[in-house]
Amino acid sequence: DCDSTCATCTGPADNECLTCSAEGKLYGKTCLTECPSHTYETPEAECFDCDSTCATCSGPSQGECLTCHDGEFFYHGTCLIACPSNTFVDGITCVDCHSTCATCSGAADNECLTCSAEDKLYKHTCLNECPSDTYETPEAECFDCDSTC
């Protein structure tokens, strides 16, 4: 006979289940009412461990995290110790910079800290060239000319 939580089993103990009865979720060989937090549930009502980088997840791979461990940052389904350089931190999430920015303080095109490739930084916006009435520094930044020029 199987444990009452099991539908089928290899023995009488509650950790010898092959399938679960009613609403049970199979984790290893034990039937539970809910999958543990560090696991995900399959359509077959089985619980499997998340990738070790995830606190909670929707599937087995590193890119299927839903939440991260304390002190880590969430970025496109993955958990990282630090955000990539082309992102900024919003709480515990890494958010992509605007495509014209190399580094940024926000997602808008006027929140760049540095620019990609050959672009010039002018008032936190990356441009192909410095506007007229500005000058370019060796660091590829544009500044307004003195009004007397």
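This passage describes the disulfides, salt bridges and aromatic pairs of a predicted model.

The disulfides are a convenient place to start. Searching the whole structure gives 12 of them, and three are taken up here in turn. Cys6 and Cys17 are joined with a sulfur-to-sulfur distance of 1.8 Å, and the link is left-handed, with -55° about the S-S bond. Distant parts of the chain are linked by this pair, since Cys6 belongs to strand E1 (residues 6-9) and Cys17 to strand E2 (residues 17-20), 11 residues apart. Cys6 has a relative accessible area of 8% and is therefore buried, the limit being under 20%. Cys17, with a relative accessibility of 1%, counts as buried too.

A disulfide is also formed by Cys50 and Cys57, whose sulfur atoms are 2.0 Å apart. Its torsion about the S-S bond is -90°, which makes the link left-handed. Both Cys50 and Cys57 are buried.

Further along the chain, Cys115 is joined to Cys126, with an S to S distance of 2.1 Å. This link is again left-handed, at -95° about the S-S bond. The pair connects distant parts of the chain, with Cys115 in strand E14 (residues 112-115) and Cys126 in strand E16 (residues 125-127), 11 residues apart. Cys115 counts as buried at 16% relative accessibility, and Cys126 is buried with a relative accessible area of 9%. For another cysteine, Cys145, the relative accessibility is 32%, so this residue counts as partly exposed.

Attention now turns to charged side chains. Side chains of opposite charge can pair when their charged atoms come close. In this model the count comes to three salt bridges. One of them is formed by the side chains of Glu41 and Lys25, with an N to O distance of 3.2 Å. Distant parts of the chain are linked here as well: Glu41 sits in strand E5 (residues 39-41) and Lys25 in strand E3, 16 residues apart. The two partners can be described by their accessibility: Glu41 is partly exposed, with a relative accessible area of 40%, whereas Lys25 is buried, with a relative accessible area of 14%.

The surroundings of Lys25 merit a closer look. Strand E3, in which Lys25 is placed, covers residues 25-27. The side chain of Lys25 also makes a polar contact with the side chain of Glu41, at 3.2 Å. When neighbours within four places in sequence are left aside, the residues in contact with Lys25 include the cysteines Cys20, Cys31, Cys35 and Cys47. Also among the contacts of Lys25 are Thr30, Leu32, Thr33, Glu34 and Ala45, together with the salt-bridge partner Glu41. Lys25 is buried because its relative accessible area, 14%, is under 20%.

A salt bridge is likewise formed by Lys120 and Glu136, with the closest N and O atoms 3.6 Å apart. Lys120 lies in strand E15 (residues 120-122) and Glu136 in strand E17 (residues 134-136), so this pair ties together parts of the chain that are 16 residues apart in sequence. Lys120 is buried, with a relative accessible area of 15%, while Glu136 counts as partly exposed at 43% relative accessibility.

Lys123 and Asp144 also meet through their side chains in a salt bridge, with an N to O distance of 3.3 Å. Because Lys123 lies in the loop between E15 and E16 and Asp144 in strand E18 (residues 142-144), the pair ties together parts that are 21 residues apart in sequence. Lys123 has a relative accessibility of 54% and so counts as exposed, the limit being over 50%. Asp144, at 41% relative accessibility, counts as partly exposed.

The aromatic rings complete the picture. A pair of aromatic rings is described by the distance of the centres and the angle of the planes. Two aromatic pairs are found in a search of the whole structure. Tyr40 and Phe48 make up a tilted pair, 6.1 Å from centre to centre and with 35° between the planes. Tyr40 is buried, with a relative accessible area of 13%, and Phe48 counts as partly exposed at 38% relative accessibility. Tyr135 and Phe143 likewise form a tilted pair, with a distance of 6.0 Å between centres and 35° between the planes. Tyr135 counts as partly exposed, at 44% relative accessibility, and Phe143 is partly exposed with a relative accessible area of 37%.

Note on methods: Residues are numbered from 1 along each chain as its sequence is written. This is a predicted model: local features need pLDDT of at least 70, side-chain atom pairs count only at pLDDT 80 or more; totals for chains, interfaces and linings use all residues. Side-chain values use heavy atoms; hydrogens and water are left out. Helices (H or I, at least four residues) and strands (E, at least two) are DSSP runs, numbered from the N terminus. Buried means under 20% relative accessible area, exposed over 50%, partly exposed in between (1.4 Å probe, protein chains only). A polar contact is a pair of N or O atoms within 3.5 Å; within protein, one must be able to donate a hydrogen and the other to accept it, and residues adjacent in sequence count only if both atoms are side-chain atoms. Contact means heavy atoms within 4.5 Å. Rings of Phe, Tyr and Trp (its six-membered ring) pair if their centres lie within 6.5 Å; planes under 30 degrees apart count as stacked, over 60 as edge-to-face and the rest as tilted. A disulfide is a pair of cysteine sulfur atoms within 2.5 Å. A salt bridge is a side-chain nitrogen of Lys or Arg within 4 Å of a carboxyl oxygen of Asp or Glu.
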